[in-house]
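Welcome! Have the sequence and the 3D view open, and try each exercise before you read its solution.

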Amino acid sequence: FGGGACGNWPLTSCWDNDYWTTRCAFTSYLPPLDFYNSTVRDWSVNDAIWWAREFNIDGYRLDAIKHVPLDWLTELRDALDAQFSDPWGDRFYLVGETFAYDNQGLIADFIEPEEMLDGQFDFPFKARLCEAVFSGAMAMNEFSTWMHSNDRFYPEGTIMTTWIGNHDIPRAIHFASRQIGDCRQGSNTGNGWNAASYTQPTTAEPYERMEVAFAVMMTNPGIPLIYYGDEIGMAGGGDPDNRRMMVFDDASLNSHQRAL
């Protein structure tokens with residue numbers, strides 16, 4: 001790519017540009033596929049069908065869905081419906097990722113179970129659950145009211161994926177311990193490469209807050225996502241520090257981790 005302000009690197013300022021936002025121009029070392037080219041788009045959709053059929057896959061996570069043309073998504077949905085007309089569970093589940101903690105409308109733009117996504121990762125849920133249970137910035141009754149409205153916000157038939165932690169942000173236990181006070185904090189050079197600053201909490205309270213958060217997530221509508229290690233409150237800063245090796249040995253866990 002060349003020419004204009006968004007023909008230069010880095011392109012982070014161009015992610016929401018009318019032209020560049022659907023051309024996945026994230027970094028200079030990752031060449032994007034041109035999904036505006038019908039040959040490329042057809043190859044991609046056919047490849048997705050092949051993987052699903054070859055390995056009995058029943059759903060896909062579509063990363064950064066706002067950064068590909070909408071035609072790609074609708075063509076993928078049409079192809080999946082045609083090839084898997086009677087899928088197990090009554091649908092071939094498509095869940096998208098749109099990194100937006102405070103824009104339900106943007107998230108909803110890509111949801112329509114018959115034509116586009118079945119749901120998306122519920123970033124607004126994560127932020128408000130963190131504020132209500134971890135940081136205390138939101139009252140629980142206010143969170144309950146928000147939850148009722150969130151259940152009704154998206155199109156009929158939507159199944160959102162709820163979550164507490166993932167690979168893009170520091171480990172949930174540090175939000176629960178209140179070491180990190182901003183429930184929207186992501187990964188950066190300072191927190192992703194400084195493991196010494198993100199040690200395993202030793203008091204009970206962070207793990208008890210994690211228990212409450214999991215209870216809310218597991219007993220409300222949606223498909224719950226548990227990022228590996230969060231079930232034991234694993235420590236870690238931002239990416240890549242949030243990808244530490246899983247601990248499987250009970251003897252290596254503290255009593256609060258075992259309780260969680």
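A first note: this is a predicted model.

**Exercise 1. Find the residue that caps the N-terminal end of helix α1.**

Solution. Begin at Asn 37, which caps this end of α1. Look for its side-chain oxygen, 2.8 Å from the backbone nitrogen of Thr 39. Then travel to the other end of the story: α1 is followed by Asn 56, whose phi is positive, near 55°.

**Exercise 2. Check whether the span of α1 agrees with its number of residues.**

Solution. Helix α1 covers residues 38–55, which makes 18 residues. The expected span is 1.5 Å times one less than the number of residues. That gives 26 Å, and the end C-alpha atoms are 26 Å apart, so the two agree.

**Exercise 3. Work out how the buried residues of α1 are arranged around its axis.**

Solution. Step one is to mark the buried residues: Arg 41, Ser 44, Val 45, Ala 48, Ile 49 and Ala 52. Step two is to look down the axis of α1, where these residues fall within an arc of 130°, so they line one face of the helix. A general rule helps here: an α-helix has 3.6 residues a turn, so residues three or four places apart point the same way. Step three is to see what this face meets: the buried residues pack against β1 (59–62) and α2 (70–83). Finally, turn to the other side of α1, where Thr 39 and Asn 46 are exposed.

**Exercise 4. Decide whether Arg 128 counts as buried or exposed, and find its polar partner.**

Solution. Locate Arg 128 in helix α4. Buried means under 20% relative accessible area. Arg 128 has 13% relative accessibility, so it counts as buried. Its side chain makes a polar contact with the side chain of Asp 102, at 2.9 Å. Beyond its neighbours within four places in sequence, Arg 128 also has contacts that include Tyr 101, Trp 146 and Arg 184.

**Exercise 5. Explore the largest nonpolar core and say which element gives it the largest share.**

Solution. This core has 32 residues, and those that touch the most other members are Phe 125, Leu 129, Phe 134, Phe 143, Ile 164 and Met 210. Among the elements that give two or more residues to this core are β2 (93–96), α4 (123–135) and α8 (205–218). The largest share, eight residues, comes from α4. Now zoom in on Ile 164: among the residues it touches are Leu 129, Phe 134, Phe 214 and Leu 225. A second, separate core has 26 residues, including Ala 48, Phe 110, Leu 117 and Tyr 154.

Terms used: Residues numbered from 1 in each chain as written. Predicted model: local features only at pLDDT ≥ 70, side-chain atom pairs only at ≥ 80, totals over all residues. Heavy atoms only, no water. Helix = DSSP H or I, 4+ residues; strand = E, 2+ residues; numbered from the N terminus. Buried < 20%, exposed > 50% of the residue type's maximum accessible area, 1.4 Å probe, protein only. Arc of directions from axis to C-beta. Contact = heavy atoms within 4.5 Å. Polar contact = N/O pair within 3.5 Å; in protein donor to acceptor, adjacent residues only side chain to side chain. Core = buried A, V, L, I, M, F, W, Y, C linked by side-chain atoms within 4.5 Å.
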